[in-house]
Every structure is written in structure tokens, then in C-alpha cells.
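Q: I should like to learn how to read a structure of this kind. May we go through it feature by feature?

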Amino acid sequence: MSARIMIIDDEKIVGDMAKISLEDEGYAVETFLSAAPALERLKEEKFDVVVTDLKMKGIDGLEVLKVVKEQYPDTKVIMITAFANLDVAIEAIRGEVFDFFPKPIKIKEMKESIKRALEG
Amino acid sequence: MKGIPRKLESVLQKARQRIFGEAVDLKTVFGDFKAVLESNNRALEVITDMGEKLGGEYIFDIIYIKKAYEELYADIRNSVEQFNSLSHSRYPIGNTLDRIDAAIKKALYEEAPAFAGRILFFGDITWEAAREVGGKNYHLSQMANSLDVNVPSGFAVTAHAYDEFMRHNGLDAKIEALNSVGYGDDDLKGIREAISDGELPEPLGAELDGAIEKLRAALGPDAFISVRSSAEEEDSEFSFAGQFATVLNVPLQSDAVRDAYKKVIASLFTSAAVSYQKRLGYAVGGMRMPVGCVPMIDAVASGVAYTVDPATGKERLSISASWGLGESVVAGKVDPDTYVFEKMPALKLAEAKVGRKESMISSSKAGGTEESATPEDMRARACLSDGQVAELAERALKIEKYFRRPQDIEWALSADGNLYILQARPLRAASSGERGKTRSVEEFSGQYRALVHNKGNVVQKGIAGGKVFVVKTVDDIEKLPKGAVLVAKNDSPQFVRAMPFVSAIVTDTGSTTSHMASICREFKVPSVVNTREATRALRDGQDVTLYVDDDGNYAIYDGLVDEILELIERTGRSLEELYEFRKKKYIMRFISPLNLVNPLADEFTPEKCNTMHDILRFMHEKSVQGLIDASMKAAGKGALKRLEIAIPTGINVIDIGDGLSDSSGSTVKLEQVQSEPMRAVLNGMLRPGAWHSEAVDLNPRDFLSSMMRMQDLTASVDQSTYRNVAVISREYLNMTLRFGYHFNLLDCYCSEKAANNHVYFRFVGGATDISKRSRRIRLIAEILKEFGFISSTKGDLLIARLSHIEKAEALRVLDMSGSLIAFTRQLDAVLGTDSDVERFKQAFLAGNFGIHS
């Protein structure tokens, strides 16, 4: 069974590009433009990795991280953001994401990170 | 002058000059010059970064693009101000910046297009109208306006006009409804019928009639035109070959042209076309359809030319020809005459074959076209004379050079013996050596039973395995199971609907120049055509494995052969197919391509700048010019001194302070060069073998002519008049060198204080072959990396920088850079494969410059 990856980002192009690149590796990928429907989906299906944008309207990345950690401890979270600055990085580390990528994200690096997340 | 803002400073300087006469302070000019270069460099780095981030290896979002562009704009704005100061605002480059900025902001912030034109004659189509007239029209107009290749010139009916038509007939609302509830083939038929029954809104109708009148006046009342699609994406990687209607032989009468126009735009809504659009991310009605109206050539013969071999990417130009109109060739209906040319080192005919040419399509007197059997005596006769074939090949090459990418060209030979180019578009070809060594078909043919082997022509290489599904009628396409190998008697552009499902296509007839072939290449579906026996040799439902190797040999094996299927590289959808990706990437079109290549040409003006890169190049060149002018004024003609050394670099030296030990005289010898960085670079260039791999011939005239001969491939101007310039002081060097289409910039500050030192290297290499260009860049980048440079490359632009280095280290690096600049001049012809890059890198690092060893 192939690994399940969830992508949450309010910009369509990010999800689309991530989907194409990751499907290339054989993963099953689902994309969401906001966190609310994504969290609903998590109730239905187990995902191995959730890649989420940090800054989003409504439920933001940090909240997604909190929910996943509490309710789906086996699921790893990777945080992505267009506004990478030191404060956010520290916050993310404290929040124990599996990995953290500022945008633009090098596809090769993301693939490697997900591979590691699936192994761990 | 510290503490006084720059602008004020320059105003004061100008005032000073006016009061005190022409005493030009060279050091100030040089300071301005450096300031322009610095901002230019920063801007170029942003451009390179954007190119890299949008190149397909990164996931980006609109925030990045907007941020990066803001930075880029600020840098260029800064540069323009300093440039204006340096050049005393002689050039209206600020206007150019505003123009291009407006186009980019429009694309970025997606304002509604302000474009209101409905009809544009080719002569009036400018760069900004490209989207509105569509790729095909734009390409044709560029060729008609700028190249001497005989393109029939007509007019475009714009995307804006299309919008008006659709709105006027209530179709935009209808289509929106379809998109929200879903649609079937009948709905699409309904749209097509509504278009056919619709009417042109009056302003458009009137303008169209006016254009028809104009053409009648030019061509005569009995002339005919062809009405062709020119959809938005048709100049991109995706050709939509054969998907849209072309109406040939339309009389120059209002009703006939209106009907033809409606027919063409209706073709946006056929099932096959909609399928293709969907694959590229367009909803129904998302694409707009500009249309082109072009004088019809009464063709005695016509065909297609490809400037590279599309199946393998190799540097071979092919021409196919058949009697009558080209539709028979592009529809894959005939076996045409074919000619293949080797391109390197010069165009040479390698193969010629007369085809069967069983049928032909001709214009019918009443309008329209008719298909007929080719008369017996014409079948075995070649359509083109040797002279005509050669002429066509030359023109095709010219077109490829102009657009700087491989081209797919349609041509026609008229009754009065003139060759016309009817269309040219980017050719999607496999790049050679893309995947590294793969195994050859011969290796497998011993072990497995081949049902079909090397018959016919390969359209697209690759590997596929699946069940044979024989397609007899168009309806069969609906029933295709996923992963099937489509087998059919004839090829058809309708097969595009099968692309998402099919793993390979094999046909009995057809040609590599048909529309279906183009589509298979675009979607990388392995295909073989013209096999003559596929429908006989392969059974419906049979498991088969198709393997086409890198050399174009293929076999279809009985059963699913695991050993071969394991070699398949997963090619899911590529990023290029993603609409959002292409749309965002589109802004790079206004930013990175370099159009202004030749500073001595008439076109080197602010008006001809189309991109930010053009603006930077313009300012750089004019700044160098400004510096040269200032130097000449400051010290009489003697300021620009020709460097005389054993190799013909054509370098002229400007000394701004202690760069030369003896400043008298109009020439400079190596011993007089005091500039430490300059000496280091020259030492490197003079290293035995770096400039020339043969033994050094002492006759200077021979050097010069051999250097010019080598550049004749791409040069259209006398190279010896272009001035390569080195601005030097004891510790500083700024050297711009141009050899053919290689453009090097080396800027270095080399003092006792490491913190102040830098070496900055910029290389742009631009012959037409993209894969060679990027190999050359890769070679240079890898060598520079060995020396600690941090570099970025995008396409054929490389920027590398080394900072905070000790003087001794800097000089060592400069020596190597000199050798590298010299060395790379010789690499034009030899970087044939990826393994050559590694080989030459190792050779260079070992000090072995011999490329023929």
C-alpha cells in the first residue's frame, strides 16, 4: 500500500506542484486549500505525512500541528511557509514538526524529507 | 562628496562640467560605471534566482514571485538612475522600464487586459500583442517582419474579438453553465452549432470586411486565403497539432471569411480539443481563440521541416515533401519524399529518399480543397529540385537560429517556383542523452520473440507494456482500457483523447511529421508509425512489450517482458502540463530572455528591449561605451589601447590608475601591464593549448581569420570591429569579452585586504543548440565550483562569485579563469554527450587543454 501524503496550502499552485512531484514517487497525495476540510478528512483516513502551510486564513498551520500531534501521533508534520524568519523557526521547533521548509521549496529536498519521515 | 545624495552629486557634476568646460573626471565616470554594474549584477542575480526557482525544481507560490520581482524592479530602477547619471540621460531607458514593468504587473496582478484591438495586420503586431494574437500568428508575424524567409503576410483576429463574438451570441453564459454542471459530447456539439449559427458583432464584422478589402487590393480579387487557428498556447511547448480547424482556400468575400472564422473557433469545442485542453488544466471555454488569415499559396508541392530529429533529439535536420498542399503530410496520409541533413559542422545532405506519395490534396477552383490520387508519373519523381531542398534547409536553419530553439516548419512551393514558409513553431523533441546510457534493442532481441521489429518510423522513444487494443473507428477510442497499446491502421489526431489512457501507439500508416506524431512526442507516449504490418502482426487483447531505444531501434515483443518493463522511468504528469505553473512562469518571458545580442546592430535600442535582461544588457553596453568615450575625451585617442599579445583577443585596455607601466603609445604589450588581476588573467589565456589546441602558428593574420571562420556559424557582423574592453587599475579589472555568442564578464578587485576582494564571473553562451549550451554552462560551473565559486545558472546564463579572498588566491583563480575563458571557446562542437562534460572537466583541471587528444 502506498504512503498517504496530505498537502494543505491556500495557494492552488503549491498543492498542484507538490501533488505531481510526489505522485511521481508513487505516493497517494491529497491536496486541500484550507485546514478545515483537511482536518475533517483526517478523521476519515490515516495519513502518513501532513505538509501544511503555516500562515492561512482560519485555522493556521500551528493549529493543524497541534491537532495532529494530539490526535494522530503517528502522523508526521512538515511545515512550509513563505515567511520564514527566525521566530517562526523557533516556534516550529518547539512545536516539534518533523521538518520545516521556507518557500520556494526545493522538490528534491522535500522528497528526501518525506522519505525520511516515512522511514522513522 | 560624502553625505550628499547621489542625484545631487550628479547634478553638481554636470554643473561643474558646464562651468569648467569639458574636463571629464574619469575617476567619477568610472565610479558611476561601477555603480551601474553593481546594480546590474544584483538585478541579474535576482533574475537568475527567479529562473532557478521557477524552473521546475522548486515549488513556489505567488508571494515569492511578487517579492522577487519587487526586489528586481528596485535594483533595475536604481541601475537606471545611475545609468542616466552616467549617460547624461541620453537614452529613454526609463520609459522602456516602465513599459515592461506594466506588462509584468499586468500578468502578476491579473488585471483585465486593456487590449481593445480586433484585427491586427502582421506588420503591426508588436511583442506586447503576442498573447492577443496567439502563438501561431505571432510567430508568423515575427518571421514576416524580421526574417528574410518569405512568409505570406496576413492579419490576425484577436482574442479580444473572440471574446466579443462569444459574448454577443450568449455563449459565454452557456459555457459557464456547462462547467458547473458537467457536459457530454452532445453539449459540445450544441456549442459548436450555436457558434455556427451565430453572428459577428457589428464592430468586428466591419473591421473584418475592411481587412478583407485591404487584402483584395494587395492580392487581387481572385485571391484566396487560409483561415487558421492561433490559440493562446500554440507557441508554447504544446502545439495542439491537428486539434483545431484550418479552412483552406477561402475566397476574399465577407460571407465566406465569416463562415470560415466561425468554423475555426468552433473547433475549440470538439471532444478531442477539449480533452487536450483539459489535460493542460483549462476548463471548457478557458482558452481563447485568436485566428489568422493568411494568403493562400497555390502549392505545387509542400511539406514539413524539422530542425532536429524529434525522436532522438540529435542534430539532424529533416525535410519531407509531397505533391499539392501540405495537409497530406501533416495528416500522415502519405509516404513523402524525405531528406536528412547533418548540421554540424555545416549543413550537409546525408540521406535522400523519394516516397510513394500515393495521394495529394489540391485547391479546388470553387474554393475548398479536394483529395485525389497522385498521377502515376509524378509518384516516383521528387517534388523538389536539389537546389530547392538546399534552399529550404538553409531557411529552416535560419529560423531555428532566430528563435533559438528547434523548429517544426511547414512550407510550400508555389506554381511560379517560389518557396514559402507557412508556419513555424517550437519543436518538442526528446533531448539526446537525457537519461544516460540505456540498453539497445539488439541486446534483447536474442532472448525474446519480436512480433514487429524496426519496421516503419519511430515517433517517440520509450518503453511500454500492455494489452493490444485495435482501434477501427473513432468510437472505439472511448472503450480503450487504461494502459492499452493502441494499434490502428491509420493514425489520427483524434487519438489525443486516448493519451491519458494509452501506454503506446502503433500504426500501419502515417508519418513522423503528422499531427498525431507531434502530440505523442508532447505527451511522451512511445509510438511507432508506418509499420505496414502492425494490424496483421498484433492481435487484439494480446500482451505485448514495446521498446524503443535511444538510437531509434525498436521491437514489439510477445508478452510482458519484465526485464524491459523494469527500465521504465516513471513519468507521471510533468510540471509543464500544469496550467498554473505555466501561467506563473509566463512572467519570466518578460524578464529573462535576451533579445539584444549584437550591440553594433541597429536593433540595439531601448525600444527594442523586450525584457528586463535586455534593459540590463543595454545599460551595460552603453555604460562601457560611455566609459570608453570618457576615456578617449580625457586623454585623447590614446586612452583606448589595443592589447598586443600572442593570441588575438581583440582586447582594448582603459587604464584608470596605475594599470600600465607606460601609458604612451596606442598599443600595449604584456610587459606594460601592471594591473595584477589583468596579468593573472592573461597568463591563464596564454597558457599553451588554452586558446588553440593546435600548435601555435605565428602568423597573426591566420589567427584572426581562423577565429572569424569559427564564429561564422553564428555571426552576422564583422567580429574584428567589436571591441573587447578591459578597464584596469593596479588592483582592479573589469573585462568584457565577446566571442561569437559567448559573452564573458570578469570583474575583480584584488587588494591586500581580503575583505574587500571579489572575483565575479558572468558567462552567457548562446549558440542555438540548447543541450550543448547547457552542457557548456555546466562544465564551466563545475570547474568554477572546484575553485570555490558560488554560482547560479539558468539556461545559458551563469553567474559565479568568490568573495573575501586573499590576494594570492584571487590571482590564482584569475589565472585559471583566463585559461577557462580561452578553453571554452573551443568547445562549440565537441560537447556531444553528458559524459563529455566530465571528461573535459577532468582534462581542464589537469591542465590538459587538448580537445583532440
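A: Certainly. Please keep in mind that this is a predicted model. We begin with a pair of helices: the axes of helix 8 (residues 185-197) of chain B and helix 10 (residues 254-266) of chain B come within 9 Å, and they cross at roughly 160°.

Q: How are helix 8 of chain B and helix 10 of chain B oriented to each other, roughly parallel or roughly antiparallel?

A: The general idea is that angles over 145 degrees count as roughly antiparallel. Helix 8 and helix 10 of chain B are therefore roughly antiparallel to each other.

Q: Is the crossing of helix 8 of chain B with helix 10 of chain B left-handed or right-handed?

A: Helix 8 of chain B makes a right-handed crossing as it passes helix 10 of chain B.

Q: Which residues meet where helix 8 of chain B and helix 10 of chain B touch?

A: From helix 8 of chain B come Arg192(B), Ile195(B) and Ser196(B), and they meet Lys262(B), Ile265(B) and Ala266(B) of helix 10 of chain B. Sorted by class, this contact has 3 nonpolar, 1 polar and 2 charged residues.

Q: How many residues of chain B are in contact with chain A?

A: There are 17 residues of chain B in contact with 17 residues of chain A. On the chain B side, strand 1 (58-59), helix 3 (62-86) and helix 19 (579-585) each supply at least two residues. The residues of that side divide into 9 nonpolar, 1 polar and 7 charged.

Q: Which strand of chain A is joined to strand 1 of chain B?

A: Strand 6 (residues 105-106) of chain A is joined to strand 1 of chain B by 2 bridges, and the two strands run antiparallel. Within this pairing, Ile105(A) has Ile59(B) as its bridge partner.

Q: What is the mean pLDDT of each chain?

A: pLDDT is the predictor's confidence in each residue, from 0 to 100. Chain A has a mean pLDDT of 88, with 89% of its residues at 70 or more. For chain B the mean is 81, and 85% of its residues reach 70 or more.

Q: Where in chain B does pLDDT stay under 50?

A: One such stretch is residues 18-23 of chain B, for which the model has 2 contacts beyond four places in sequence. Another is residues 695-721 of chain B, with 22 contacts of that kind.

Q: Which element of chain A has the lowest mean pLDDT, and which the highest?

A: Helix 4 (residues 86-94) of chain A has the lowest, 66, and strand 1 (residues 4-8) of chain A the highest, 96.

Q: What ipTM and pTM does the model score?

A: The model scores ipTM 0.90 and pTM 0.60.

How values were computed
Residues numbered from 1 in each chain as written. Chains lettered and ligands numbered in written order. Predicted model: local features only at pLDDT ≥ 70, side-chain atom pairs only at ≥ 80, totals over all residues. Axes fitted to C-alpha atoms, helices over the stretch in contact; angles between N-to-C directions. Helix = DSSP H or I, 4+ residues; strand = E, 2+ residues; numbered from the N terminus. Parallel < 35°, antiparallel > 145°, perpendicular 65-115°, else oblique. Left-handed = near helix turned anticlockwise from the far one by under 90°. Contact = placed C-beta atoms within 7 Å. Nonpolar A, V, L, I, M, F, W, Y, C, P; charged D, E, K, R; others polar. Pairing = 2+ DSSP bridges.
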